[in-house]
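Thanks for making time this morning. I would like to walk through one model with you, going from the chain as a whole to a few local features.

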Amino acid sequence: MDQLITEDPTSIGPYRLIARLGAGGMGLVYLGRSEAGRTVAVKVVQAEHAQHPEFRRRFAREVEAARRVGGEWTAAVLDADTDAPVPWVATQYIPGPDLTTVVAKEFGPLPEHSVRVLANRLAAALRSVHAAGLIHRDLKPSNVLVTVDGPRVIDFGIARAMDGLGGDSLHTRTGMLIGSPGFMSPEQVRGLELTPASDVFCLGAVLVYASTGRLLFGATGSGLGAHLFRIAEDEPDLTGVPDSLLDLVRECLHKDPALRPTPADVAARTATDRDEEWLPGAVLARLGRHAARLLDFAPEARVTPQDPRIPAQHRADPGPSLPPHPAYSPTAPAGHGPVPPGFGPPVGAASGARGAPTTPTGQAGPSPRRWWGLAFAAAAQFLVLVGAASTNVVLPTIQADLRISVEDLRLVTLAHGLALGALLLLGGHLTDLLGRRRTAFIGLAGFALASALGGAAPSAGVLITAHALQGVFAALLSAAALALLGGGFTDPKERGTAFGVYAVIAGGGTAVGVFTGGWLAETLSWRWCLYAAVPLALVAVVPAALLADDRPVRASARLDGPGLLLGTGALAALTFGLDRAQEVQGMNARGWTAPTTVVLLLAGVALLVAFVWWQTRASTPLVPLRFFRERDRAVSLLVLGLVGLSTPPLFLILSLYLQTALGRSPSRTGLDLLPMAGAVLVAAQISGRLQARLAPRHLVVPGLVLAAVGTALLTGLEAYGSYAAVVLPGILLVGLGLGLALGPLLATATGASGPQGSGGTAGAVLAVQGLGGRLAVPLSGSVVAAVASGRLDGVTGLPEGVRRGGVLINPEGLPESLSPLIKQANTAVLGGYSVVLWSTAGLLVLASLLTGLLVTTRAPGRG
């Protein structure tokens with residue numbers, strides 16, 4: 001217990017507060033007394049949660065369900081006010097320390113008789129919880145209070161009602177995971193539907209802890225991935241569990257929920273006739289002293305401010321908010337997109353433009369407002385890239401906070417990626433039909449609303465919908481932004497400057513987004529990674545409002561219905577097929593050879609061929625005919641696809657390596673990648689100035705070679721390597737190379753042909769680059785998994801999921817006995833990373849050769 005501080009209220013409802021008991025995920029917990037003298041524990045909801053109507057409804061339903069829990073060995077819900085300005089709930093106060101305090105701090109492992117009684121009483125408590133239609137979901141030592149009479153189970157507020165409680169359960173405990181890291185069942189780890197058997201597994205974990213003082217699967221400081229790996233794959237270490245309880249505990253910890261005993265079985269098998277105290281004398285004496293201190297406890301005098309959190313004191317003026325609650329923050333991989341949850345840069349959003357400095361006959365010259373177009377293009381692409389990357393960083397945190405399954409988390413990323421990847425041609429065509437200015441406003445408004453919806457999402461369904469809408473409007477924004485550059489700048493010098501600025505965003509936006517997302521999640525909340533898009537969109541509205549009116553251009557555009565259907569269908573089939581192929585990683589045996597994957601990819605290729613055929617024959621094609629007939633543009637497009645194929649594995653591997661091997665946090669990972677963005681900034685400005693003097697290949701070839709050299713340096717990554725010696729030089733060279741090459745590449749691919757058809761051209765360029773990125777993820781994952789699996793062939797003791805997963809394991813906190821196996825596994829995975837990085841360097845060299853040999857566009861001044 002701690003003394004109240006000046007910011008604390010004096011009373012809550014009918015209860016006078018006398019001390020602080022602690023903080024949980026729901027809010028603060030106070031010790032209170034009623035007018036009749038009864039001592040209770042009063043839990044107050046955080047003000048930020050209380051503002052949400054959906055939270056209030058769910059809170060009221062869970063409190064009502066918790067009231068139904070009866071029987072011994074539980075802490076009953078006595079009172080609640082779920083309609084108060086700040087809701088609260090009062091439970092029976094149990095005058096005793098929790099099991100963690102007894103075992104870890106004051107006494108040590110309990111003897112066999114104490115553990116047997118503990119098992120019997122906890123099983124009886126679970127019977128009461130399950131009889132009320134609840135699953136506890138977070139049975140752990142800190143939720144087991146030790147008293148003279150026996151243990152008591154607390155914290156039903158986090159239980160999920162099985163009789164129709166919709167959505168996700170509340171977080172009324174410390175932490176953000178579904179359950180707690182050391183006491184989760186395998187089905188919780190896998191995101192499967194929970195049954196009462198999940199609580200039985202947790203009961204077994206608590207009994208191991210009480211018997212040995214050890215967490216069942218070791219310390220949790222080694223990161224979420226290593227911990228979940230142990231729960232899902234390892235057999236528990238039961239050394240130290242009393243022989244008389246060994247078989248029962250082993251059955252409780254069975255990986256198959258159907259083979260675990262019921263709480264009734266556990267209670268029957270642990271019943272005892274011994275008439276003696278259930279705890280050793282030293283512990284009983286400690287409990288007696290604790291009870292005496294409670295009787296003598298008196299709150300210190302303090303100055304009590306009026307606090308609007310409490311109904312009896314509520315005033316119009318806002319007061320200090322409740323202090324933040326402690327939260328378990330798992331080590332989360334940075335980035336995501338189509339990569340396994342939490343990794344890699346977003347794909348499908350590209351950038352830039354270039355081409356011959358001529359204006360076709362019959363078209364107006366450059367608009368005097370074209371520089372506002374550049375401002376909008378930079379702001380819009382920054383919004384799309386940073387918004388996606390910052391959200392991807394915190395996907396594991398979102399999963400824990402909203403309690404969504406792994407499959408739902410994949411749907412979140414798939415919804416965004418499928419909408420963005422499939423609708424780029426539609427976005428480009430709408431830009432031509434509606435005009436770039438109108439499309440810009442629609443994209444900004446839709447993206448901001450979708451981001452706000454995602455930030456306020458109470459469940460997986462809303463989040464998936466929000467991300468799908470984000471992808472739709474991101475496709476509009478990306479196409480409009482690139483169309484403004486491709487069609488608005490025809491003068492070589494201005495064009496180079498414009499694409500130099502734009503290349504900074506295209507090459508460095510993801511790195512900035514990774515840092516921003518990690519920082520916002522660690523300092524505020526993951527929701528701000530989505531909310532932050534709203535003010536960014538408002539900033540982009542200013543240059544959008546000043547764009548030139550392009551009604552004459554859109555008046556000549558005509559709908560290409562067949563082309564739109566064929567192109568969008570091809571992109572959708574290919575995007576979805578590549579997402580299915582991604583499942584080749586980890587424990588999923590599907591992937592490239594799955595019938596669904598094969599059918600989707602073949603259908604996508606067929607539709608793509610049909611789309612190109614139609615575009616060469618349509619009277620008003622979606623993509624201008626010259627796009628397919630000019631060799632320099634076609635080769636530049638191919639090179640952009642190769643660059644798109646090369647960069648996602650780079651971000652993925654670096655993110656995994658920095659966080660797992662070097663122990664970086666998500667925000668620190670983003671900070672470590674920021675030098676790449678700085679290098680892109682410097683090189684892109686140099687490239688922009690030189691584009692008016694040099695042929696495109698004289699910038700692209702050295703840039704891609706430089707990026708290939710930087711990638712080759714990164715093949716030297718080691719398990720305990722140095723950031724400054726290996727990673728930093730590599731990413732600086734990659735950034736410099738991409739900064740030199742991206743601007744002239746995109747400029748050549750789009751062509752300086754004026755506004756006419758610039759939207760369709762932009763959509764096609766972005767689609768090709770996005771497909772390269774989509775293809776990169778499953779390909780690199782397959783290579784890493786194959787190399788790691790081959791190198792681990794014959795190594796015994798490794799779970800199959802690790803052998804085929806191709807993911808680094810953080811050895812921190814794992815038993816020393818596993819060090820040799822972990823070292824072998826990580827060495828094998830790093831070998832796979834090396835193969836992927838060498839392949840990436842090879843692709844970049846191939847791209848530079850294609851550019852040098854086939855792109856023959858001369859410097860603008862030489863005709």
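Before anything else, a word on what I call a helix or a strand: helices are DSSP runs of H or I with at least four residues, strands are E runs of at least two, and both are numbered from the N terminus. Please keep in mind that this is a predicted model.

Let me begin with the region around α4, where, just after that helix, G133 takes a positive phi of about 85 degrees. The helix itself covers residues 112-131, and for its 20 residues a rise of 1.5 Å a residue gives an expected span of 28 Å, which agrees with the 29 Å between its end C-alpha atoms. Of those 20 residues 16 are buried, so α4 is largely enclosed by the rest of the structure.

A little further along, in the loop between β7 (134-135) and β8 (144-146), we come to R137. Most residues other than glycine have a negative phi, yet R137, which is not a glycine, has a positive phi of about 75 degrees. Is R137 buried or exposed? Its relative accessibility is 5%, and because buried means under 20%, R137 counts as buried.

Another loop, the one between β6 (88-92) and α3 (99-106), holds P95, which is partly exposed, with a relative accessible area of 36%. P95 and T147 are separated by 52 residues in sequence, while their C-alpha atoms lie 6.8 Å apart in space.

Now to a helix pair. Two packed helices are described by the angle and the distance between their axes. For α25 (residues 666-690) and α27 (residues 723-750), the axes come within 7 Å and cross at roughly 35 degrees, and the crossing is right-handed. On the α25 side the contact includes D672, L673, P675, M676 and A679, and on the α27 side the residues include Y723, L728, I731, L732 and G735. Taken by type, the residues of this contact divide into 15 nonpolar, three polar and one charged.

Finally, the chain as a whole, whose secondary structure comes to 30 helices and ten strands. Of its 863 residues, 58% are buried, and among contacts with a separation of 6 or more, 76% are between residues 24 or more positions apart. The accessible surface of the chain comes to about 32200 Å², and 61% of that surface belongs to carbon and sulfur atoms.

Notes:
Residues are numbered from 1 along each chain as its sequence is written. This is a predicted model: local features need pLDDT of at least 70, side-chain atom pairs count only at pLDDT 80 or more; totals for chains, interfaces and linings use all residues. Side-chain values use heavy atoms; hydrogens and water are left out. Axes are lines fitted to C-alpha atoms, for helices over the stretch in contact, and angles run from 0 to 180 degrees between N-to-C directions. A crossing is left-handed if the near helix is turned anticlockwise from the far one by less than a right angle, and right-handed if clockwise. Contact means heavy atoms within 4.5 Å. Ala, Val, Leu, Ile, Met, Phe, Trp, Tyr, Cys and Pro count as nonpolar, Asp, Glu, Lys and Arg as charged, and the others, Gly among them, as polar. The expected span of a helix is 1.5 Å times one less than its number of residues. Buried means under 20% relative accessible area, exposed over 50%, partly exposed in between (1.4 Å probe, protein chains only). Accessible areas come from the Shrake-Rupley method with a 1.4 Å probe; for residues, only the protein chains shown count as cover.
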